[in-house]
Amino acid sequence: MSTAPTSAVIVDNPAENRFETTIDGHIAKVDYKLDGKTISLEHTTVPDELQGRGLGGQLVQAGLAWAREKGLSVLPVCPVTIGYMKKRPETHDLLTEEGKKAIA
């Protein structure tokens, strides 16, 4: 298992409702749900083979950047997303009212 950060190419896969990257044949992803002007970041999955590379944070960061670009509010559901946003006040303007409670 590598502990060095990996700079991943993350893409939106709207057919699967997820942001994803494929490294060495393994897919790391954050699943999302769109509801009007809100995106819920539901679940982050990083396979064991890709752990320790900072991919969870990069996936969340990509989802938040996409939400900002599209003018969407964010509801963090996944613990990875909640933790990421809690530590980064610069993302708090994206939060829905329910999302603000989730990171409190």
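Which strands and which helix do the buried residues of H1 pack against? In this predicted model, the partners are strands E1 (11-13), E2 (18-23), E3 (26-35), E4 (38-45) and E5 (73-76), plus helix H2 (79-86). That makes H1 a handy place to start a tour, so let's begin there and then work outwards.

## Helix H1 and what it sits on

H1 covers residues 55-70, which is 16 residues. From first C-alpha to last, H1 reaches 22 Å, close to the 22 Å expected at 1.5 Å a residue. The buried residues here are Leu55, Gly56, Gln58, Leu59, Val60, Gly63, Leu64, Trp66 and Ala67. Just past the end of the helix comes glycine 71, with a positive phi of about 75 degrees.

## The sheet

Now for the sheet. Five strands make it up, in the order E1-E2-E3-E4-E5, and the sheet is open with mixed pairing. E1 and E5 are the edge strands, each of them pairing on one side only. On average, neighbouring strands are turned by 30 degrees against each other, direction ignored.

Let's walk across the sheet, starting at the E1 edge. E1 and E2 are antiparallel and share three bridges. Here aspartate 12 stands opposite phenylalanine 19 of E2. H1 packs on this sheet and touches E1, E2, E3, E4 and E5, with its direction at about 140 degrees to that of E2. H2 packs on the sheet too, touching E4 and E5, and its direction makes about 120 degrees with that of E5.

Further along, E3 and E4 run antiparallel and are joined by seven bridges. One facing pair to look for is leucine 34 opposite isoleucine 39, the latter in E4. The hairpin of E3 and E4 has two residues between the strands, and glycine 36 in this hairpin takes a positive phi near 65 degrees.

What about the pairing of E4 and E5, parallel or antiparallel? These two strands are parallel, with four bridges between them. Leucine 41 has proline 76 in E5 as its bridge partner. With H1 added, E4 and E5 give a right-handed β-α-β unit in the order E4, H1, E5.

## A buried threonine in H2

While you are at this end of the sheet, have a look at threonine 81, which belongs to helix H2. Is threonine 81 buried or exposed? Threonine 81 counts as buried because its relative accessibility is 0%, and the cut-off for buried is under 20%. Setting aside neighbours within four places in sequence, threonine 81 contacts Leu41, Thr44, Val60 and Pro76. Two familiar names turn up in that list: Leu41 and Pro76 are also the bridge partners that we met between E4 and E5. Val60, another contact of threonine 81, is one of the buried residues of H1.

## Salt bridges

How many salt bridges does a search of the whole structure find? The search turns up five. Side chains of opposite charge can pair when their charged atoms come close. Here are three of the pairs, with the distance between the N and O atoms and the relative accessible area of each partner.

| Pair | N to O distance | Basic partner | Acidic partner |
|---|---|---|---|
| arginine 18 and glutamate 20 | 2.5 Å | arginine 18: 15%, buried | glutamate 20: 13%, buried |
| arginine 53 and aspartate 24 | 3.9 Å | arginine 53: 13%, buried | aspartate 24: 63%, exposed |
| arginine 68 and aspartate 93 | 2.7 Å | arginine 68: 40%, partly exposed | aspartate 93: 54%, exposed |

Take the arginine 18 and glutamate 20 pair: their side chains meet at 2.5 Å, N to O. Glutamate 20 is buried at 13% relative accessibility, and arginine 18 is buried as well, at 15%.

The salt bridge of arginine 53 and aspartate 24 has its closest N and O atoms 3.9 Å apart. This pair links distant parts of the chain, 29 residues apart: arginine 53 sits in the loop between E4 and H1, aspartate 24 in the loop between E2 and E3. Arginine 53 is buried at 13%, whereas aspartate 24 is exposed at 63%.

Finally, arginine 68 takes us back to H1. Its salt bridge with aspartate 93 has the closest N and O atoms 2.7 Å apart. Arginine 68 lies in H1 and aspartate 93 in the loop between H2 and helix H3 (97-102), so this salt bridge ties together parts that are 25 residues apart in sequence.

Notes
Residues numbered from 1 in each chain as written. Predicted model: local features only at pLDDT ≥ 70, side-chain atom pairs only at ≥ 80, totals over all residues. Heavy atoms only, no water. Expected span 1.5 Å × (residues − 1). Buried < 20%, exposed > 50% of the residue type's maximum accessible area, 1.4 Å probe, protein only. Contact = heavy atoms within 4.5 Å. Salt bridge = Lys/Arg side-chain N within 4 Å of Asp/Glu carboxyl O. Pairing = 2+ DSSP bridges. Axes fitted to C-alpha atoms, helices over the stretch in contact; angles between N-to-C directions. Right-handed = clockwise from strand over helix to strand, strands pointing away.
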